[in-house]
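Subject: Structure handover

Hello,

Here is the structure I promised to pass on. Please open it first, then read the notes below.

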Amino acid sequence: MASSLLGELNLFSAYASTAATLMLLRTLINDVVPSPIRSAIESFFDRIMDHFLSRFVKRQDSVFTIVVDEEIGMTRNEVFEAAETYLRTIINPNTKRLKATKTVKQLGINLNMEKGEEVIDSFKGIELKWQFYVKEQEKDGKSSGASNQQSDKRFELSFNRVQKQTVVDEYLPFVLSKSKEIKAKERPVKLYTRDSGFDDEEDGEYCGWYWGCINLDHPATFEKLAMDRELKQSIIDDLDMFVRRKDYYRKVGKAWKRGYLLYGPPGTGKSTLIAAIANYLKFDVFDLELSSVYDNSELRKLLLYTKSKSIIVIEDIDCNSNLHDRTQSDDEPNSSDISANTKVTLSGVLNFIDGMWSTCSDERIFIFTTNHKEKLDPALLRPGRMDMHIYLGYCTPHAFDVLVGNYLGDIGEHKLVPEIKDMIKEVEITPAEVAEHLMRHIEVDVALQGVMDLMEQKKKEKGMKLAEEKVEPEKEEEGATMEVRKKKVKLDKEEGSIMEVEENKRDMNFLVKLLKNGVLTKSKKC
């Protein structure tokens, strides 16, 4: 008893001596050290004191534990799912046991905590210990077979009691937020189409029976896009500015959305650019065909069943004559015109992208594509609807370099490349045509020679076309000259006829005068 009491006195004496020394140092620091440095030193000494107290004065009631069960009644616990996702990113490499999981639709293998393991985390100087527990129990109590077992899973989060408010108010929301970020990075981009008989959605998000989806496995990236470097960078900068300006859009009173019009000849990469934007932003794509929409009311319903962080695409929007420029007449029939199959009007589309219904979700992008921008009504193209007009034209020397890198790899300085680049400046050829010829052969020389032959053929066709265009005015001029000659001959004939009539008229008038003067007798008249 006496030895125990002596031990406690020695412990208390050591604690008192250490505390007094620290207090003395603290007083000296307050008098000598500047305030910023003093704050850092005080924080350091506070941590030493906390460690000393936890080491030598262990109090059972200083540890507080929060239990996070997997389920809440019949539903999954969001905090449990968030912790499971977050903790696999901070697992200690020295952990002895981990659980590997992967579904068919997941991109990679996930390593999760196994039962009995623990993970130490730190947040704002607070040490937090996560432990994972699994309790096996029988479903009905009648059998102990494996098929009749169910698992009761839970996390236990332990920390110092005095930090409870910080953990509840700041740390757990931080875990939820980080979990969403991790899921967004790991989640594959989805491609939605309407009235689909399948649905590949696995994250619980529901888009109604209007939309079905599959994984968008398109490999397009901005690095692989065959377009001018300046245009590519301007698109990336515009996208980056859009996604980080949520507060700005709310501040100025605008819906958080953006519109892009992609126009240019066929085969210039409009669809590939859409896929690259989706992969860059990790936004799902809703592919909408106006020909499948009955009227404006159905168009609004489709919009309501889309979601945030998505791209709504309408390709070849010029194929609907209801959206053509109302100030121009279109006398030529269009075999691809879809207006006969739908009652969607220009007003309905304008409300779809810029009306009250367009604000039902945030952070959305509208993309329209067309081969004939001049056919579209100006109301559809104004800023606020189509904010950025992106022309995707014919292949350029820089775009050719990108295509060669994509399909042939690093070929160094090949002798045909400068010649091809010079010819690209003279002829109109789409990136799709160049890519097709580069894919035909594995051998670099053969592939580039194929592109060279294509360029020469294009150049020859261009020369023939220019010659025809030059001959055409000459033919028109010659035809006009012949027409003038014909008209002159006709006028000459008409003039001769008029002169003959006038001469006959003068002769008759002369005879009448002779008769009146009695110069001519009746016999002579006869």
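The largest cavity has a volume of about 60 Å³. The search covered the whole structure and found 2 cavities of 30 Å³ or more. A cavity here is a set of points, on a 1 Å grid over the protein atoms alone, where a 1.4 Å probe fits but cannot get out. Points are joined across faces, edges and corners, and the volume is the space filled by probe spheres set on them.

This is a predicted model: local features need pLDDT of at least 70, side-chain atom pairs count only at pLDDT 80 or more, and totals for chains, interfaces and linings use all residues. Residues are numbered from 1 along each chain as its sequence is written, and side-chain values use heavy atoms, with hydrogens and water left out.

Back to the largest cavity. Its lining is Glu84, Leu87, Arg88, Lys99, Asn112, Met113, Phe132 and Phe155 (lining residues have an atom within 4 Å of a point). Two or more of the lining residues come from each of α3 (78-87) and β5 (110-113). By type, the lining has 4 nonpolar, 1 polar and 3 charged residues (Ala, Val, Leu, Ile, Met, Phe, Trp, Tyr, Cys and Pro are nonpolar; Asp, Glu, Lys and Arg are charged; the others, Gly among them, are polar).

Next, the sheet. It is open and mixed, with 7 strands in the order β10-β9-β12-β13-β14-β11-β15. Strands (E, at least two residues) and helices (H or I, at least four) are DSSP runs, numbered from the N terminus. Two strands pair if DSSP finds at least two bridges between them. β10 (211-215) and β15 (388-391) are the edges; each has a single partner strand, so one side of each has no neighbour in the sheet.

At the β10 edge, β9 (190-194) runs antiparallel to β10 over 5 bridges. One bridge pairs Arg194 with Trp211 of β10.

β14 (364-370) is mostly covered: 7 of its 7 residues are buried (under 20% relative accessible area, 1.4 Å probe, protein chains only). Arg364, Phe366, Phe368 and Thr370 point one way; Ile365, Ile367 and Thr369 point the other.

β14 has parallel partners. β11 pairs with β14 over 7 bridges, with Tyr260 opposite Ile367. β13 (310-314) joins β14 through 5 bridges, and Ile311 is partnered with Ile365.

Best wishes

Technical notes. Contact = heavy atoms within 4.5 Å. Axes fitted to C-alpha atoms, helices over the stretch in contact; angles between N-to-C directions. Buried < 20%, exposed > 50% of the residue type's maximum accessible area, 1.4 Å probe, protein only. 1 Å grid on protein atoms, 1.4 Å probe; cavity = no way out; pocket = protein on both sides within 12 Å on 5 of 7 lines; lining within 4 Å.
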